[in-house]
Structures are given as C-alpha cells and as structure tokens.
Amino acid sequence: MSISAVSGIAPAGYLDALTGTAGTAGASAVTAPTQGAGFGTTLAGSVDQLQALQATSDTLAVKAVTGNLDDIHDYTIAASQASVAIELTAALRNKAVEAFSEIMRMQA
C-alpha cells in the first residue's frame, strides 16, 4: 500500500502570488519575487484572488440553496478553498503586525 503526496491544498495561484513563484506546486524552497514586482503589487494581486475565491464560494452557495447546483461537492470545495485562503491571510497579517511591533520595540 502506497500513500501519495498531498498536493493542491492551497487555492490555485494564491500561494504563487504571495511567494512570487508560478507553477511550482510542491516546491520545497520559496523563491524571491521577480525583479520589479514589489510587495504592494504582490499583496494586491493576492487580495484580488482572495476576493475571487469568496465570490465563487458565494455564487455556488446561492446555487446550492436554490437547487441549481448539480454537484454539491463543487460548493464544499470552493468554500474550503476560501476558508483556507482567509486563514492564511489572517496568519500573514498577524505575523506582519507582530514583526512591526518588534521593530518598534527595537527602536524605543
């Protein structure tokens, strides 16, 4: 009996935008963003993708409630992806606030 590796846990493209990598599912190292892509641009793209995941989840939820959705699994997958993306965003925000607070303590 063999166990295959788990892949595709994060919403498609969400981590790629944050780490600056593209098409490197399962890569062990995080590479630096490409030249010219600033943190603000990367963050804005990631937030846009988060909003798109939420919109997809909301649309499928309405379809599920009205009975227009053929496969309920589509909604559960979209809702899970949106949930993971929000949790990741909140964790990144918390770490950024923690880092900022630490820098402010060093300067005092």
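**Exercise 1.** In this predicted model, decide whether Ser46 is buried or exposed.

*Solution.* Begin with the relative accessible area of Ser46, which is 2%. Next, recall the cut-off, by which a residue counts as buried when its relative accessible area is under 20%. Ser46 is therefore buried. As for its place in the chain, Ser46 belongs to helix H2, which covers residues 39-66.

**Exercise 2.** Find which backbone oxygen the side chain of Ser46 reaches, and determine how far the C-alpha atom of Ser46 is from that of Ala85.

*Solution.* Starting from the side chain of Ser46, one arrives at the backbone oxygen of Thr42 at 3.0 Å. Turning to the second part, Ser46 and Ala85 are 39 residues apart along the chain, while their C-alpha atoms are separated by 9.5 Å. Ala85 is itself one of the buried residues in H3, together with Ala78 and Ala82.

**Exercise 3.** Work out how the span of helix H3 from its first C-alpha to its last stands against the span expected at 1.5 Å a residue.

*Solution.* Helix H3 runs over residues 72-107 and so has 36 residues. The expected span is 1.5 Å times one less than the number of residues, which gives 52 Å for H3. The model shows 53 Å from the first C-alpha to the last, close to that expectation.

**Exercise 4.** Describe the chain as a whole, stating how many helices and strands it has and what percentage of its residues is buried.

*Solution.* Counting the elements gives three helices and zero strands, and reading along the sequence gives the pattern α-α-α. Of the 108 residues in the chain, 12% are buried.

Technical notes: Residues numbered from 1 in each chain as written. Predicted model: local features only at pLDDT ≥ 70, side-chain atom pairs only at ≥ 80, totals over all residues. Heavy atoms only, no water. Helix = DSSP H or I, 4+ residues; strand = E, 2+ residues; numbered from the N terminus. Buried < 20%, exposed > 50% of the residue type's maximum accessible area, 1.4 Å probe, protein only. Polar contact = N/O pair within 3.5 Å; in protein donor to acceptor, adjacent residues only side chain to side chain.
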